[in-house]
Amino acid sequence: MLEIQNLHVKFHNRDREAVSGVSLTIQDGEILGLVGESGSGKSVTAMSVAGLLPRRQCDYSGQVLLDGVDVRDYPLEELRGRIGMVLQTNILFSGTIRENLLWGNPEATEEEMIQAAKDAQAYDFIMSFPDGFDTVLDQGGVNVSGGQKQRLCIARAMLRKPAVLILDDSTSAVDSATEAAIRESFAANLKETTVIIIAQRISSVQYADEILILEDDHIAARGTHEELLATSPIYQEIYQSQQEGVGE
């Protein structure tokens with residue numbers, strides 16, 4: 001279980017807090033969505049919260065608890081071993097696909113690696129290469145597409161079997177059907193993992209157990225997709241604008 005209690009975060013180069021008085025609880029296996037209007041400060045607020053988990057951002061007051069233990073009390077290596085992160089900037093290094101995936105969990109078996117690739121909807125395109133998992137990636141993964149790169153990074157994070165998996169707009173380059181299949185794999189094979197999805201597209205979070213609408217430094221609204229469509233003007237506006245974009 002992940003708990004955030006009265007969280008306040010302020011960066012040294014900003015006059016105002018990035019996060020002000022945020023509290024929330026996410027149970028094991030639940031999916032939390034974080035969305036906000038463009039220019040609302042969503043990314044700063046969301047990544048401030050996400051960055052506290054692996055202790056990449058430590059200048060804060062309040063508590064962040066993972067399974068009842070303050071993250072500041074975990075040995076750093078143990079804590080980071082329990083967190084999986086797939087950020088907007090996907091990092092792949094020069095080496096084989098196998099080596100890139102096993103970087104997430106060097107102790108993983110061949111079967112576990114294959115399953116993670118299938119869960120992330122990466123297996124089919126990997127096997128379309130003549131060398132399969134032994135295909136060599138150029139530095140930065142420039143010889144695969146953006147969507148393929150995202151799916152490889154998600155597979156690597158899933159292979160870790162983390163307590164918390166953070167996805168920051170990490171399915172932006174895949175189609176909605178692939179995104180849905182990846183999301184379904186969380187429920188099937190990461191049943192104990194808390195998933196936090198930071199996204200611009202409502203379609204990426206609409207099936208989350210709870211969605212938070214972020215505005216500047218605070219949570220402006222929270223609820224399920226249906227609840228927010230009925231009660232939140234901000235959510236309604238974002239949803240309508242995206243639906244119009246799809247229609248066009």
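## Around Leu-137

Leu-137 touches ten-odd places along the chain, among them Leu-92, Phe-93, Ser-94, Gly-95, Thr-96 and Ile-97, leaving aside residues up to four places away in sequence. Asn-100, Asn-143, Val-144 and Leu-152 also touch Leu-137. The model is predicted. Leu-137 belongs to strand 8, which covers residues 136-137. Is Leu-137 buried or exposed? Leu-137 counts as buried because its relative accessibility is 1%, and the cut-off for buried is under 20%. One of its contacts, Ile-97, is 40 residues away in sequence. In space, the C-alpha atoms of Leu-137 and Ile-97 are 6.5 Å apart.

## The next residue, Asp-138

Asp-138 sits in the loop between strand 8 and helix 6. Its relative accessibility is 39%, so Asp-138 counts as partly exposed. Asp-138 touches Phe-93, Ser-94 and Asn-143, again without residues up to four places away in sequence. Those three residues also appear among the contacts of Leu-137. Where does Asp-138 stand relative to Met-1? The two are 137 residues apart in sequence, and their C-alpha atoms are 38 Å apart in space.

## A sheet of six strands

Now the sheets. Strands of a sheet pair through backbone hydrogen bonds, either parallel or antiparallel. In one open sheet, 6 strands follow the order 6-9-10-3-11-12, with mixed pairing. Which strands stand at the edges? They are strand 6 (83-86) and strand 12 (218-223). Each has a single partner strand, so one side of each has no neighbour in the sheet. From one strand to the next, the twist averages 20°.

Strand 10 lies between strand 9 and strand 3 in that order. Strand 9 (residues 164-168) runs parallel to strand 10, and 5 bridges join them. Asp-168 has Ile-198 of strand 10 as its bridge partner. Strand 3 (residues 31-35) also pairs with strand 10 in the parallel sense, over 4 bridges. Here Leu-34 is opposite Ile-198, while Gly-33 has Ile-197 as its bridge partner. Ile-198 thus has a place in both pairings, with Asp-168 and with Leu-34.

## Strand 10 under cover

How many residues of strand 10 are buried? Strand 10 spans residues 194-198, and 5 of its 5 residues are buried. Its side chains point two ways. Thr-194, Ile-196 and Ile-198 point one way. Val-195 and Ile-197 point the other way. Residues on both sides are buried.

## Helices 6 and 7

Helix 7 (residues 176-189) links to the sheet. Strand 9, helix 7 and strand 10 form a right-handed β-α-β unit. Helix 7 also packs against helix 6 (residues 146-159), at an angle of about 0° and with the axes 13 Å apart. That angle makes the two helices roughly parallel, because the cut-off for roughly parallel is under 35 degrees.

Which residues of the two helices meet? From helix 6 come Arg-151, Ile-154 and Met-158. From helix 7 come Thr-178, Ile-182, Ser-185 and Phe-186. The residues of this contact divide into 4 nonpolar, 2 polar and 1 charged.

## A sheet of four strands

Another open sheet has 4 strands in the order 2-1-4-5, and its pairing is antiparallel. Its edge strands are strand 2 (19-26) and strand 5 (69-70), each pairing on one side only. Strand 1 (residues 2-9) joins strand 2 over 6 bridges in the antiparallel sense. Within this pairing, Leu-7 has Val-22 of strand 2 as its bridge partner.

## Two aspartates with positive phi

Most residues other than glycine have a negative phi. Asp-67 has a positive phi of about 55°, though it is not a glycine. Asp-67 lies in the loop between strand 4 (60-66) and strand 5. With 38% relative accessibility, Asp-67 counts as partly exposed.

Asp-169 also has a positive phi, of about 50°, and is not a glycine. Where is Asp-169 found? Its place is the loop between strand 9 and helix 7. Asp-169 has a relative accessible area of 15%, so it is buried.

Technical notes:
Residues are numbered from 1 along each chain as its sequence is written. This is a predicted model: local features need pLDDT of at least 70, side-chain atom pairs count only at pLDDT 80 or more; totals for chains, interfaces and linings use all residues. Side-chain values use heavy atoms; hydrogens and water are left out. Buried means under 20% relative accessible area, exposed over 50%, partly exposed in between (1.4 Å probe, protein chains only). Contact means heavy atoms within 4.5 Å. Two strands pair if DSSP finds at least two bridges between them. A crossover is right-handed if, with the strands pointing away from the viewer, the path from the first strand over the helix to the second runs clockwise. Axes are lines fitted to C-alpha atoms, for helices over the stretch in contact, and angles run from 0 to 180 degrees between N-to-C directions. Angles under 35 degrees count as roughly parallel, over 145 as roughly antiparallel, 65 to 115 as roughly perpendicular and the rest as oblique. Ala, Val, Leu, Ile, Met, Phe, Trp, Tyr, Cys and Pro count as nonpolar, Asp, Glu, Lys and Arg as charged, and the others, Gly among them, as polar.
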